[in-house]
Amino acid sequence: MSIKSEDENGAATKVKLMCSYGGRIMMRPHDSQLRYIGGDTRILVVPRTISYADFCVKLAKICGGRSVLPKYKLPYEDFDALVSVIGDDDLEAMLEEYERLDAK
């Protein structure tokens, strides 16, 4: 995820998210690391202030109308520690986490 644009105070107004869906998390045989394999990947640009309900509607559109449960991987964690996004507070926490990473 990366910040797309800023307002006059330097605050992010939009975020660009890389969304993968339709694949599976599997262990690679040669190094036993978990990896996301298959499926599709799309870029989704949303306002920084988007609500969870609107976020899910946009995700469903890029996923071909499928109902989705958004999850994300923390930067220094493996795929076995995905964090579910089930409400506005979780969405805000996800965006803040990646803004901290982007600031480094």
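Met18 sits in strand β2, which spans residues 12-21. The model is predicted. Is Met18 buried or exposed? Met18 counts as exposed because its relative accessible area is 60%, and the cut-off for exposed is over 50%. Met18 also belongs to a nonpolar surface patch, together with Ile43 and Val45. The three residues share about 290 Å² of accessible area.

**The largest pocket**

The largest pocket holds about 790 Å³ of space. Its lining counts 23 residues. Met18 appears here again: Met18, Cys19, Ser20, Lys71 and Tyr72 are the lining residues closest to the pocket centre. Which element gives the most to this lining? Strand β2 does, with five residues. At least two lining residues come from each of β2, α1 (52-62), β6 (71-72) and α2 (88-103). By class, the lining of the largest pocket is made up of 18 nonpolar, three polar and two charged residues.

**Salt bridges**

Side chains of opposite charge can pair when their charged atoms come close. The structure has four salt bridges. Three of them are listed here, with the distance between the closest N and O atoms.

| Salt bridge | Closest N and O atoms |
|---|---|
| Arg28 and Asp31 | 2.5 Å |
| Arg48 and Glu92 | 3.0 Å |
| Arg48 and Glu99 | 2.6 Å |

Take Arg28 and Asp31. Arg28 is partly exposed, with a relative accessible area of 25%. Asp31 is partly exposed as well, at 29% relative accessibility.

Arg48 has two partners. Its salt bridge with Glu92 has its closest N and O atoms 3.0 Å apart. That pair links distant parts of the chain, since Glu92 lies in helix α2 and Arg48 in the loop between β5 (40-47) and α1, 44 residues apart. Arg48 also forms a salt bridge with Glu99, where the closest N and O atoms are 2.6 Å apart. This pair again joins distant parts of the chain: the loop between β5 and α1 holds Arg48, helix α2 holds Glu99, and 51 residues separate them. Together, Arg48, Glu92 and Glu99 make up a network of salt bridges.

Why does Arg48 count as buried? Its relative accessibility is 11%, and buried means under 20%. Glu92 counts as partly exposed because its relative accessibility is 32%. Glu99 is partly exposed too, with a relative accessible area of 24%. The network therefore joins a buried arginine to two partly exposed glutamates.

Definitions and conventions
Residues numbered from 1 in each chain as written. Predicted model: local features only at pLDDT ≥ 70, side-chain atom pairs only at ≥ 80, totals over all residues. Heavy atoms only, no water. Patch = residues over 30% accessible without salt bridge, like charges linked within 9 Å, V, L, I, M, F, W, Y side chains within 5 Å. Areas by Shrake-Rupley, 256 points an atom, 1.4 Å probe, with all protein chains shown as cover. Salt bridge = Lys/Arg side-chain N within 4 Å of Asp/Glu carboxyl O. Helix = DSSP H or I, 4+ residues; strand = E, 2+ residues; numbered from the N terminus. Buried < 20%, exposed > 50% of the residue type's maximum accessible area, 1.4 Å probe, protein only. 1 Å grid on protein atoms, 1.4 Å probe; cavity = no way out; pocket = protein on both sides within 12 Å on 5 of 7 lines; lining within 4 Å. Points joined across faces, edges and corners; volume = space filled by probe spheres on them. Nonpolar A, V, L, I, M, F, W, Y, C, P; charged D, E, K, R; others polar.
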